[in-house]
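Hi everyone, thanks for making time this morning. Let me put the structure up, and then we can walk through a few parts of it together.

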Amino acid sequence: MENITAFLYDFNSNIRPLFKEMKEASWMAQTTGEAEWAAKSSEAETQYNLLFASKEIYEKAKYYLATGDGTDVEKRQLQLLVSEMESNQLPEEVIADLSKSSAELNLLFNTYTPEVDGKKYSANDIRDILMNSEDGELRKKVWFASKEVGQVVENGLLELVKKRNEAAQLLGYDNHHQMGYALQELDRDEVFTIFKELIAQSDEAYRTMKKDLDENLVAKFGIAVEDVRPWHYIDPFFQEAPPSLSTNLDRLYKEKDIVQLTTNTFASMGIKIDDLYAKSDLFPRENKNPSAFCNEIDREGDIRILCNLQEDMYWMEINLHEFGHAAYFKYTDATLPFTLRTPSHTLTTEAIAKLFGKMGKDPRWLKRFLKVDETTINELSPELEKLQQAQMLITARWTITFAFFEKELYENPDQDLNSLWWKTVNEIQLVTPPDSTDNPDWAAKIHFTLTPIYYQNYLLGELMAAQLLRYIETEISPEFFTHKTGELLINEFFKPAALYNWNEKISRVTGEKLNPAYFVEIYCKTN
């Protein structure tokens, strides 16, 4: 007679090849932009999801979990298996349709290139204009062009949102958003309470920072403060803080090897990542995804990073971020069962990625790895601290804007979403909308399509990263870049993988569960 051990052994054996095929096909779709691979990715994802859709396996997993029998490792596997399988207890045709719709929209994102005055603009081109151009009219045109893809995908995305809701309702949930939180081991009320408290606790600091920023834009562009619009900021969604002349570190990266700097950073802590370059895709070319991500192919060491590197501060930080993900994946305990050989939660891997991504503005990192001289470091440090605080304040408000809107999107997809988007942006980010709010500018953000009910994890990851940073600085080493830091991360954070849930993970490392106070302490200072 089958027991828990045999059941889990069979499941892990069956899932392994399907996982690898799905991840490989997804990688090819993202790196080629070919419709053939988009179709293969959709089919592979469908086959993977069908295993999780098995009612027989689901009922057995629930039964074994309810018995309370088995080892702690087996119980944890069952917990994760039941949560993941619940969302897939759907008819095969529904699963296939959801996967196909998502893949088709993703292809539209990857292959759409906007034009301005007859010239095509890549994502990097748009970023460069918004970062550096003082031509107000060009900035406005490029900003509107960056939103055009929203019009291309809007109808398909709204249809997909409704399909996701219908699927969630088949499983007993009100909508896909409610289900997404429940099955991620997240208490939705708790998360939104934390976000509302962060708005309140950061309000004075945010308003002061935003006022200073807008006054600088007024001086830069020769406009009145009431005329500051979204295209005057350096990012299409106001996700980033603009560096000042002194903190625009792009000049330091000219003719620098971004890849080698990344290698050196991780190596200083005894974390080896240069063996992951061979299968990665790090530099820009046509028809590949224009953004960046880390893809773990087989949970056995095949880890690939997609980037579009340029010699500037932005891509330095992105590369450190993505290889933070990669390090986490690489150093998970290979002796764990396949289902546990993954981060305990997306927010825990985001925490590590955020922790490393920030190092591009950290004086300790600049001095050690970029070899910036002591005098320059002393001059830059106060400005970099101010920039980092501004970045975190902006990041928090942007993430909360996305999270609040996404909740409304799934709870009522038939409302006037275009106006709601700009109302939410205005109230939380304090950004003045364009004259017309009739366009689906929100839909230009690929995360609504590709990774639904995920964005909250970025901010939760920031909160965890702040807590982890403070712990390392006070209990391990104020220098951060030491082998002791690496040993802590590898042995206490990476290696246990999904053996513990996310809150137990941070508690085991730092001695307390997730505490937003560290983020507030570091980034919400007021003078």
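Let's begin with a cysteine: does C294 count as buried or exposed? C294 counts as buried, because its relative accessibility is 17% and the cut-off for buried is under 20%. Please keep in mind that this is a predicted model. C524 is also in the buried class, because its relative accessibility comes to 9%.

What about disulfides? The count is 0. For C294, the closest cysteine sulfur belongs to C307, and at 9.3 Å that is too far for a bond, because a disulfide needs the two sulfurs within 2.5 Å.

Now to helix 11, which covers residues 258-267. Here 7 of the 10 residues are buried, so the helix is largely enclosed by the rest of the structure. The buried ones are I258, V259, L261, T262, T263, T265 and F266. Their cover includes helix 10 (250-253) and helix 12 (313-330), along with helix 13 (346-357) and helix 14 (363-368). At the N-terminal end of helix 11, D257 acts as a cap, with a side-chain oxygen 3.1 Å from the backbone nitrogen of V259.

Last stop, the cavities. The structure has 3 of them at 30 Å³ or more, and the largest has a volume of about 70 Å³. Its lining is made of 13 residues, and P236, F237, F238, W422 and V425 are the closest to its centre. By type, the lining of the largest cavity splits into 10 nonpolar, 1 polar and 2 charged residues. Helix 16 (residues 417-429) gives the largest share of that lining, with 4 residues.

That's my tour, and I'm happy to take questions.

Key: Residues are numbered from 1 along each chain as its sequence is written. This is a predicted model: local features need pLDDT of at least 70, side-chain atom pairs count only at pLDDT 80 or more; totals for chains, interfaces and linings use all residues. Side-chain values use heavy atoms; hydrogens and water are left out. Buried means under 20% relative accessible area, exposed over 50%, partly exposed in between (1.4 Å probe, protein chains only). On a 1 Å grid over the protein atoms alone, a cavity is a set of points where a 1.4 Å probe fits but cannot get out, and a pocket is an open set with protein on both sides within 12 Å along at least five of seven lines; lining residues have an atom within 4 Å of a point. Grid points are joined across faces, edges and corners, and a volume is the space filled by probe spheres set on the points. Helices (H or I, at least four residues) and strands (E, at least two) are DSSP runs, numbered from the N terminus. Ala, Val, Leu, Ile, Met, Phe, Trp, Tyr, Cys and Pro count as nonpolar, Asp, Glu, Lys and Arg as charged, and the others, Gly among them, as polar. Contact means heavy atoms within 4.5 Å. A polar contact is a pair of N or O atoms within 3.5 Å; within protein, one must be able to donate a hydrogen and the other to accept it, and residues adjacent in sequence count only if both atoms are side-chain atoms.
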